[in-house]
Amino acid sequence: MSVDVLRCRVCESEYPAIAHGICARCFGPLEPVYDWDEIATRVSRESIEAGPLSIWRYADLLPATPPPDAASGPGWTPLIPAPRLAAAVGVGELWLKLDTANPTHSFKDRVVAVAAAKAVEFGLDTLSCTSTGNLAGAVAARAAQLGMPAVIFCPASLELEKMQATTVYGARVFGVNGSYDDCSRLVSELAGEVEWGFVNVNLRSYYAEGSKSLAFEVIEQLGWETPDAVVAPIASGAMFSKLWQGYNQFERLGLIDTPKPRLYGGQAEGCSPVASAFAEDRRVSPVRPNSIARSLAIGNPADGDLAISTARASGGAIYAVPEADVGPNMAFLAELAGVFGETAAGVTIGALRAAAARGDIGENDRVVALITGTGLKTPGAVAGSVTGTIVEIEPDVDALLDELGVLA
Ligand SMILES: Cc1ncc(COP(=O)(O)O)c(C=O)c1O
Ligand SMILES: [Zn+2]
């Protein structure tokens, strides 16, 4: 649906709902203002269930009008049980939300769907972003679908697979010699010079809302029940804080009658400004990233403090996962659940294991872990941890039986 007003999440200043991402007074993040009483008169479990099998089934809780191809949009990804992984980790019940099933294989297709719809609404003719890898591909693909040019900025050091999964859509990619934060500064300056739709700059307040659909879907897929705990990776902190808003909004609309989940976040130790600020009970201060989890390598996270208040408000926590555990956790997830997640998933599984080891979650909990991106884009990170083998053989059955240790 369309919205008229954006409000600052920090100082509550209000602005007209135009292509504008941060508060001019305090530089805080802006977000759309909804009329919840009015929405409550229209939205019910039944009205949602009658919607398309994509994020647009929640259009009444998103700040954009659904596009003509809403029915084939991202979202409504599988939520699968993972009993072997649950037993190995020591939690009662574990579900994996497979956002690898989105069109470009990460949850970023959700946020881009909303931002691109706004770009079209605002008449902005180029789609752009600064990216740690997954957003790049999502923006490039959506721009290709819409027939818009895409201009992408990312650190030049990104995984080759992520670059290739972006240029394939015809996008113009600038590999910036520097960190994501250097890229981000460059693009903020550019945004003052050209009238483009920068999905995570001037369209950020709309873009971020797309992540709420992860919370909504999990509830619906559990039969309109909430899990006890949700585990997610954190980079800027936007998705983590929007998850909590999603649970709160469904509660406010009377769509759930079980308690909201505790939210647990993970960061890789080499870029853990949010986890360390959480542990030390202070505000986030910027760090210089040096991490294998490049998709999460944001040293100066825009919504880091909001992620911390989210973890506290929900009764959860945020953990730093050792760098050396990321690849082995990717293999652990693949071998025990049949799911090949990317480095961010290695971090999520690390956070899950940390929470279980500390007794923060356990045998009585129903847990959902968000697998936000595919391992096919970060194969190098898991290479040293794989136990499966490749043996070259001749097409000869006796040789094969010999190799298998089976006597003919
Ligand atoms: C696979 C994956 N998971 C999680 C995140 C974290 O998202 P956020 O920046 O909203 O914290 C990212 C961000 O790029 C990502 O690529
Ligand atoms: Zn403000």
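# A guided tour, beginning at the zinc site

Start by selecting the zinc ion (ligand 2), whose donor residues follow the sequence spacing C-x2-C-x11-C-x2-C. This is a predicted model, in which local features need pLDDT of at least 70 and side-chain atom pairs count only at pLDDT 80 or more, while totals for chains, interfaces and linings use all residues. Residues are numbered from 1 along each chain as its sequence is written, chains are lettered from A and ligands numbered from 1 in the order in which they are written, and side-chain values use heavy atoms, with hydrogens and water left out.

**The zinc ion**

Show the side chains of Cys-8, Cys-11, Cys-23 and Cys-26, because the SG atoms of these residues coordinate the zinc ion (ligand 2) at 2.2 to 2.4 Å, a donor being an N, O or S atom within 2.8 Å of the metal (3.2 Å for Na, K and Ca), with water not among the atoms, so that sites may look incomplete. The angles among the 4 donor atoms run from 100 to 116°, and the site is tetrahedral, a word used for four donors if all angles lie between 85 and 135 degrees. For comparison, the ideal angle for four tetrahedral donors is 109.5 degrees.

Now select Cys-11 and Cys-23, which are 12 residues apart and link distant parts of the chain: Cys-11 sits in the loop between strand 1 (5-8) and strand 2 (14-16), and Cys-23 in the loop between strand 2 and strand 3 (30-32). Helices (H or I, at least four residues) and strands (E, at least two) are DSSP runs, numbered from the N terminus. Cys-11 is partly exposed, with a relative accessible area of 36%, whereas Cys-23 is buried at 1%; buried means under 20% relative accessible area, exposed over 50%, and partly exposed in between, with a 1.4 Å probe and protein chains only.

**Ligand 1**

Move next to ligand 1 and display the 16 residues that surround it, the closest being Asn-134, Ala-235, Ser-236, Gly-237 and Thr-372; a residue counts as near if one of its heavy atoms lies within 4 Å. This shell divides into 8 nonpolar, 6 polar and 2 charged residues, where Ala, Val, Leu, Ile, Met, Phe, Trp, Tyr, Cys and Pro count as nonpolar, Asp, Glu, Lys and Arg as charged, and the others, Gly among them, as polar.

Which distances are worth displaying between an oxygen atom of ligand 1 and the side chains of Lys-108 and Ser-236? An oxygen atom of ligand 1 is 3.2 Å from an N or O atom in the side chain of Lys-108, and an oxygen atom of the ligand is 2.7 Å from an N or O atom in the side chain of Ser-236. At Ser-295 the partner is a polar backbone atom, 3.1 Å from an oxygen atom of ligand 1. Such polar contacts are pairs of N or O atoms within 3.5 Å; within protein, one must be able to donate a hydrogen and the other to accept it, and residues adjacent in sequence count only if both atoms are side-chain atoms. The protein covers 97% of the 400 Å² of accessible area that ligand 1 has on its own, with areas taken from the Shrake-Rupley method and a 1.4 Å probe, and with only the protein chains shown counting as cover for residues.

**A buried asparagine**

Select Asn-202, in the loop between strand 9 (197-198) and helix 8 (204-207), and note that Asn-202 is buried, with a relative accessible area of 14%. Polar atoms of the Asn-202 side chain lie 2.9 Å from the backbone oxygen of Trp-196 and 2.8 Å from the backbone nitrogen of Phe-198.

**Positive phi angles**

Most residues other than glycine have a negative phi. His-105, with a positive phi near 70°, lies in the loop between strand 5 (93-98) and helix 4 (108-121) and is partly exposed at 38% relative accessibility. Asp-281 has a positive phi of about 55° although it is not a glycine; this residue is in the loop between helix 11 and helix 12 (304-314) and counts as exposed at 60%.

**Helix 16**

Finish at helix 16 (residues 397-404), which is hardly covered, the count of buried residues among its 8 residues being 0. At the N-terminal end Asp-396 caps the helix, with a side-chain oxygen 3.1 Å from the backbone nitrogen of Asp-398, and just after helix 16 you will find Gly-405, with a positive phi of about 80°.

Conventions. Four donors count as tetrahedral if all angles lie between 85 and 135 degrees; four count as square planar and six as octahedral if opposite donors are over 155 degrees apart and all others between 65 and 115; anything else is irregular.
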